[in-house]
Amino acid sequence: MRMIRYSCLGLALFASATFANEPEHYTAQTIAEILTELNGDPNHPKSKVNHTKGWCATGEFVPVQDSELNVPLFNQEKIPVQIRYSLGGNNWSDKSKTRGMALRLQGNDEVWTQVMLSSPINFAKTVDDFGLFFKIRLPKDGKVDQELIQKVTEEIPSFRDFAEFRKTVGVTKSLTKTAFYSVHTFWFELKDGTKVAARWYWQPEKGVQDLSEEELANTSDNFLLKNSLQDLENGEASYTLYLTFANPEDKTDDTTALWQGEHHEIELGKLTITSYDDLSCDSEVYFPAQIPKGVSPPQDPLFDARNTAYAIKFGQRAGLPDEMPRDLEKEAQGEISH
């Protein structure tokens with residue numbers, strides 16, 4: 001197993017926009033504090049402050065043998081996988097669009113941790129923009145300033161582009177009918193020793209399936225667990241992992257950039273979900289910097305900050321006393337209000 005070391009150095013950049021007429025300045029520490037203020041639950045201080053609603057699953061990944069890559073982890077015939085599905089942010093309604101999938105491929109000698117979203121792009125190009133995105137959503141006197149959010153969104157191109165992109169995507173029926181993307185660009189070693197920039201995605205076996213407008217209007221805020229369990233029972237809970245190689249003109253240091261046109265893609269293997277495991281992995285943290293030999297970290301400014309913020313929040317939760325466990329079944333059925 002190889003863990004890329006990351007540092008807080010260089011995380012504090014001047015923002016490309018202003019907040020309250022002053023330049024904003026963010027680090028992983030301040031971002032962690034903002035997320036705690038925005039999403040923290042005093043009744044459940046050990047709960048995650050981002051991607052709070054979620055549950056766990058177990059699966060098995062069967063790599064494609066003799067691929068173009070020189071990644072020794074893929075030499076195994078089968079790799080056990082731990083998965084945590086979630087909604088984005090602190091959303092508790094399954095009608096929200098953003099889904100997350102964090103997974104850990106647990107090889108014999110190495111571990112590969114992946115943290116993904118149901119969108120191929122992010123909303124922020126820099127650490128400061130990332131912090132600003134959440135800062136403007138902090139309520140003042142119990143109210144969120146929607147006019148400020150709209151104003152800043154129009155001023156920052158990545159915010160505006162992401163908002164426009166979200167209009168083009170639907171609300172998926174289940175987590176096993178959702179595609180998940182790396183967002184960051186990683187570097188992969190080929191059999192000849194060269195390294196190429198690439199992004200990966202997990203494509204569901206039955207394709208991405210969204211709720212129709214009528215279905216969305218007539219469903220409750222809690223349908224994902226039921227539908228996902230039904231997919232598992234029907235043998236439809238599986239994904240294929242694809243790697244998309246960058247073209248020369250593609251931006252590899254910008255998580256907000258969509259790659260356009262045709263690209264060389266290869267299939268890396270198939271993941272089959274074997275069981276849903278309630279909240280067995282809920283207290284764990286998934287570090288995207290945990291990567292295997294043959295894979296190198298991204299070169300964008302957000303990657304180190306993301307890992308550092310995860311470490312900060314995990315350390316804070318680990319130092320708190322135990323609390324009463326959450327009741328997933330009641331949450332999934334909407335019997336617990338948030």
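**Figure 1. How do β11 and strand β12 (residues 265-276) pair, and over how many bridges?** They run in the antiparallel sense, joined by 7 bridges. The model shown here is predicted. One bridge in this pairing links S238 to T272 in β12. Strand β11 covers residues 238-245. Of its 8 residues, 7 are buried, so β11 is largely enclosed by the rest of the structure. Buried here means under 20% relative accessible area.

**Figure 2. Strand β11 also pairs with strand β10.** Strand β10 spans residues 195-204. The two strands are antiparallel, with 7 bridges between them. Look for Y201, which stands opposite Y242 in β11. In a regular strand, side chains alternate between the two faces of the sheet.

**Figure 3. Strand β4 is mostly covered.** This strand takes in residues 54-63, and 7 of its 10 residues are buried. β4 has β5 as a partner: the two run antiparallel and share 8 bridges. Here C56 stands opposite R84 in β5. β4 also pairs with β12, again in the antiparallel sense, over 7 bridges. In that pairing, E60 faces T272 of β12 as its opposite residue. T272 is also the bridge partner of S238.

**Figure 4. The largest pocket holds about 1,400 Å³ of space.** Its lining has 50 residues, and those closest to the pocket centre are N50, H51, G88, G89 and F134. Several elements give two or more residues to this lining, among them α1 (28-39), β5 (79-87), α2 (127-135) and α4 (157-166). Two strands, β6 (99-106) and β7 (111-117), are on that list as well. Which element gives the most to the lining of the largest pocket? The answer is α7, with 7 residues. Helix α7 is made up of residues 302-318. By class, the pocket lining has 25 nonpolar, 16 polar and 9 charged residues.

**Figure 5. The largest cavity encloses about 40 Å³ of space.** Rolling a probe the size of a water molecule over the atoms shows where empty space is left. The structure holds 2 cavities of 30 Å³ or more. Lining the largest one are T113, Q114, V115, S182, H184, F186, W200, P288 and R306. β7 gives the most to this lining, with 3 residues. The classes here are 4 nonpolar, 4 polar and 1 charged.

**Figure 6. The second largest cavity has about 30 Å³ of space.** Its lining is formed by K53, G54, W55, Y85, S86, L87, D94, L175 and L224. Two elements, β4 and β5, each give two or more residues to the lining of this cavity. The largest share, 3 residues, comes from β5. The lining divides into 5 nonpolar, 2 polar and 2 charged residues.

**Figure 7. The whole protein puts the close-ups in context.** Its secondary structure comes to 8 helices and 14 strands. How many of the residues count as buried? Of the 338 residues, the share is 50%. The protein exposes about 16,400 Å². Carbon and sulfur atoms supply 50% of that exposed area. Now take the contacts with a separation of 6 or more: residues 24 or more positions apart account for 76% of them.

Methods:
Residues are numbered from 1 along each chain as its sequence is written. This is a predicted model: local features need pLDDT of at least 70, side-chain atom pairs count only at pLDDT 80 or more; totals for chains, interfaces and linings use all residues. Side-chain values use heavy atoms; hydrogens and water are left out. Buried means under 20% relative accessible area, exposed over 50%, partly exposed in between (1.4 Å probe, protein chains only). Helices (H or I, at least four residues) and strands (E, at least two) are DSSP runs, numbered from the N terminus. Two strands pair if DSSP finds at least two bridges between them. Contact means heavy atoms within 4.5 Å. Accessible areas come from the Shrake-Rupley method with a 1.4 Å probe; for residues, only the protein chains shown count as cover. On a 1 Å grid over the protein atoms alone, a cavity is a set of points where a 1.4 Å probe fits but cannot get out, and a pocket is an open set with protein on both sides within 12 Å along at least five of seven lines; lining residues have an atom within 4 Å of a point. Grid points are joined across faces, edges and corners, and a volume is the space filled by probe spheres set on the points. Ala, Val, Leu, Ile, Met, Phe, Trp, Tyr, Cys and Pro count as nonpolar, Asp, Glu, Lys and Arg as charged, and the others, Gly among them, as polar.
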